[in-house]
Amino acid sequence: MHEFKQYAISLLVLTVLVSSYVFYRYADGYPFPVGAQFDPRIRNRYEEILNQEEPQILVLGDSVTETNVDEDFMEKESGKRVSVISESGAGSALLYLVLKNNIAIAQSKPEALILLFRDTVLTTTAFRTQGNFFTMMDEYAGADDDLVLELAIRGRMNPLEELAETYFPPYWARSNLQTLISRILYLPTRTLLGCNTECSDAAMDKVFGSQNFDPDQFNRAINLAENFLYTDENLDFERQIDRSFLPEIIRLCKENDIKLILVRTKTLRFSREVPEPRALKEYINDLSNYARRNEIPLIDFSHSERLHAVLFTDFNHLNEEGKLVFTEMLVEAIRPVLNPE
């Protein structure tokens, strides 16, 4: 009992100290606003790239875009200038922000935007929006991007989370505190070895990066992380579409005279032993009908026999040989779309 009392007092003192620090360092008022807030500054990296490269075709997606699309080969085969934007770990929220705040405002806009996606990613708004993913989103978000916060974060919070966000300082400032702790953890390497944050991250990636993972373990980790895409809620297209970013993505492309092409990539998540769920087939059918009604071409490579398992480095990403095969398939598929007879 005495030990528990000491623990409770220590926890209370620590909570008071952390709360006081939050008020002093981060808080402007109390109660706190519900949900994270975006910094008003917007990174214009891709806007600059578009204005410099002036691509006719732009391919956008997560890390699969980098591993699956050979920019030079596609440019040669299509006869058009091609640029590739690959944001590792991007969910639909980040892809929407890149489109809205970089691509759509660029002086040189592409004629066609090829959006690579995997299964339900386009309508699963809360996929990859927390922690480091929120930091990535914040780079391309401005103060007026409240739609993203509402659809991807606030609208997904339960009442207990809302209470904690509003009234409990350590929870409200958790991302700031995490950054602070990270800086403290980097202090020994910076002080003793002269190795800054970038140097430390590079060393950690070299030792603990995905290239050193056992392939089976890595695939299991990917599966576990992406289970969220296949929940009953996220497999219900009709329920998700109106609270997703896809309608806005389509609107932005039409308003800026950019031809949007959706391309579903292949994953090795499903097999004969673990067949694709019926609900996913129904979801893709509903997505296809929605795209057709909006005059958006949808190309589906998810069951292509040309993309053999030996061409993959894990469940989602292709090796160099697979990259050429995929790019060749992509050029063949978009050619009649871009040049209708």
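Buried means under 20% relative accessible area, exposed over 50%, and partly exposed in between. That cut-off applies to the residues named in the legends below, which describe a predicted model.

**View 1. D119, a buried residue with a positive phi.** D119 sits in the loop between β3 (112-117) and α6 (132-139). Its relative accessibility is 1%. Because that value falls under 20%, D119 counts as buried. The phi of D119 is positive, about 50°, although D119 is not a glycine. Most residues other than glycine have a negative phi. T267 is in contact with D119.

**View 2. E295, an exposed residue with a positive phi.** The loop between α15 and β5 (298-300) holds E295. Here too phi is positive in a residue other than glycine, with a value near 60°. Where D119 is buried, E295 is exposed, at 67% relative accessibility. The figure of 67% is over 50%, so E295 belongs in the exposed class.

**View 3. T267 and its polar contacts.** T267 is placed in the loop between β4 and α15. It is buried, with a relative accessible area of 12%. A polar atom of the T267 side chain lies 3.1 Å from the backbone nitrogen of R269. The T267 side chain also reaches the backbone oxygen of F315, at 3.4 Å. Neighbours within four places in sequence aside, T267 is in contact with R118, D119, F315 and N316. F315 thus appears both as a polar partner and in the contact list.

**View 4. T265 and its surroundings.** T265 is found in the loop between β4 (259-264) and α15 (278-293). The residue is buried, with a relative accessible area of 2%. Residues up to four places away in sequence are not counted in what follows. T265 touches V64, L116, F117, R118, S302 and F326. R118 is also in contact with T267.

**View 5. The cavity lined by T265 and others.** What does rolling a probe the size of a water molecule over the atoms show? It shows where empty space is left. The count comes to one cavity of 30 Å³ or more. The largest cavity has a volume of about 60 Å³. Its lining is made up of G61, D62, V64, A90, L95, L116, F117, R118, V121 and T265. By class, six of these residues are nonpolar, two polar and two charged. Among the lining residues, V64, L116, F117 and R118 are also touched by T265.

**View 6. V18 and P170, brought together from separate parts of the chain.** V18 lies in helix α1 (residues 2-25). The C-alpha atoms of V18 and P170 are separated by 6.4 Å. Along the chain, the two residues are 152 residues apart. V18 is partly exposed, with a relative accessible area of 23%. That value is in between the two cut-offs, so V18 is neither buried nor exposed.

**View 7. The whole chain, for context.** The protein chain has 16 helices and five strands. Of its 341 residues, 45% are buried. The chain exposes about 18900 Å², and carbon and sulfur atoms supply 54% of that area. How much of the contacts with a separation of 6 or more do residues 24 or more positions apart account for? They account for 80%.

Note on methods
Residues numbered from 1 in each chain as written. Predicted model: local features only at pLDDT ≥ 70, side-chain atom pairs only at ≥ 80, totals over all residues. Heavy atoms only, no water. Helix = DSSP H or I, 4+ residues; strand = E, 2+ residues; numbered from the N terminus. Buried < 20%, exposed > 50% of the residue type's maximum accessible area, 1.4 Å probe, protein only. Contact = heavy atoms within 4.5 Å. Areas by Shrake-Rupley, 256 points an atom, 1.4 Å probe, with all protein chains shown as cover. Polar contact = N/O pair within 3.5 Å; in protein donor to acceptor, adjacent residues only side chain to side chain. 1 Å grid on protein atoms, 1.4 Å probe; cavity = no way out; pocket = protein on both sides within 12 Å on 5 of 7 lines; lining within 4 Å. Points joined across faces, edges and corners; volume = space filled by probe spheres on them. Nonpolar A, V, L, I, M, F, W, Y, C, P; charged D, E, K, R; others polar.
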